[in-house]
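I am opening a new entry and will note what I look up, one item at a time.

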Amino acid sequence: MSFDIEKLYKENSEKTGPDMDKLWARIEAGLDEQEKADTKTKPAIAHTRSRGLMRYIAVAACAVIAVTGAFIMLHNKSGKLETEKTNSISSSEAAAKSEAADGAQKSIAIADENEDEQNNDAEKEPMYSEDNTAQIQSIDADKSGVQKAADEVAEVKPEALTQDRSEDATAEVPESDNAGSTGDSKGSSTQDPDERKLMEPEQAQEAVNDMTDRLVNSDEYLDADASRKAELAEEVFKKLYEQGAVISYTIETDPLTIRYTAAGEIEGIVSLV
Amino acid sequence: MTDLQFESCIRLMIDKDRNGLKDIYTAYAKQIYRVILGIVRSHEDAEDLTSDFFLKLWNMADSYKSGQGHKRWLTVIARNLALDHLRKQHPEQLDIDSEDGPAANIPADGSLENSVSAKLTLEAALSQLSLAERQIVEMKLGMELTFREIARTLGEPQGTVAWRYDRAVSKLKKIMEEEQL
């Protein structure tokens, strides 16, 4: 007596299985409990997120103050240097002039030299009326420079905060972001073929092997004639192409085979006989 | 259920629509139950774990990657769940690849062995198989995986899987014929 194990197995499965409606009710109850637990924990997550945000704002404010202070100090130093430079240039010019004057009027040497020396000294020291104005002008220049720096920082600040906030949101709620990004990556079967990404060679070969294995073992394929087999095979390889596993494929009729080039330039043949 | 249909169920689940999970449950709950039963050998535990399986599936729907074969993916999750359960219960006894006869190192559900009529059913015959053989039979006949997919799931060569399946089916036929006589 021969036994059809497959048929016996299916009959046995029907007899020995659990009450499917009861089991589904149990699963739904579990899902309801999970949802309740999720809603309870949500406020805690929001609180943590706002605390994190305040920290970022405080750090950004400290950074702004530090940068502004450094900028002011740098400008002060450079302002002083420029003033000293200007003074040294004017004194050297005056010295050159006085030498020329000496050369031209040597007969009145003592009086002229004294006068020139006095002039040099006077010019070396800051001319308060002129230099005060110059200093005031340089301070004003500093102030406007600081103001400009502050304006630039003020412009940068909201963007930096927005960026940090979005990063923080990503860190705190990974599930939704992952779901979004995973959802996008799962659309490979409906991607525009021109924009498809190619798989890694190993992954591509595995995909080809899996899908052809499934095809040749399917009932529809086993019962089909040659032309239908070719159609079924073409559907499979079209899908592999869309997924980026296969770069190109050709179906040959005599004998019935598919020649393909998988991602990574790996060539293969599948016999459809 | 085709891969495309499964993917659309997954998308529903990611959007927190329970109809996606219900469709997968309708298509595969019995087979998943059988795969788990083949490992834990207890109907009660298998039922509990099947429920845990679908709750776990709900939470990890976004980890499914298109093109990897949905039946194999489900089988791997079910198998791992069952093996973790066994390890917690019998950590010193578990030997997944044991070729010994009726899963000698794992106690079966006593209710089947005591039943007189059970000896004539396939269920009783299946309980005579080793853990390795029974897993292959449940995956092949229940989940309808190919030998290649089973080999990848178990981490064994395809030839070994095919040989073990043939041996298991021969055993089952022999047991059934002997019981008939």
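**Strand β2 and its neighbours**

I began with strand β2 (residues 256-262) of chain A: 6 of its 7 residues are buried, so the strand is largely enclosed by the rest of the structure. For this count I took buried to mean under 20% relative accessible area. I note that the model is predicted.

Next I asked which strands pair with β2(A). On one side of the search I found strand β1 (residues 246-253) of chain A, which pairs with β2(A) in the antiparallel sense over 7 bridges. I picked out one position in this pairing: A:E252 has A:T257 of β2(A) as its bridge partner. I then looked at the link and found that β1(A) and β2(A) form a hairpin with 2 residues between them.

The other entry is strand β3 (residues 266-271) of chain A, antiparallel to β2(A) over 6 bridges. Here I noted that A:Y260 has A:G268 of β3(A) as its bridge partner. I also recorded a hairpin between β2(A) and β3(A), with 3 residues between them. In that turn, A:G264 has a positive phi of about 95°.

**Chain B**

How many helices and strands does chain B have? I counted 9 helices and 0 strands, and along the sequence the pattern reads α-α-α-α-α-α-α-α-α.

I then looked up burial, and found that 52% of the 181 residues in chain B are buried. Of the contacts in chain B with a separation of 6 or more, 66% come from residues 24 or more positions apart. Last, I noted the exposed area of chain B, about 7900 Å², of which carbon and sulfur atoms supply 48%.

Key: Residues are numbered from 1 along each chain as its sequence is written. Chains are lettered from A and ligands numbered from 1 in the order in which they are written. This is a predicted model: local features need pLDDT of at least 70, side-chain atom pairs count only at pLDDT 80 or more; totals for chains, interfaces and linings use all residues. Side-chain values use heavy atoms; hydrogens and water are left out. Buried means under 20% relative accessible area, exposed over 50%, partly exposed in between (1.4 Å probe, protein chains only). Helices (H or I, at least four residues) and strands (E, at least two) are DSSP runs, numbered from the N terminus. Two strands pair if DSSP finds at least two bridges between them. Contact means heavy atoms within 4.5 Å. Accessible areas come from the Shrake-Rupley method with a 1.4 Å probe; for residues, only the protein chains shown count as cover.
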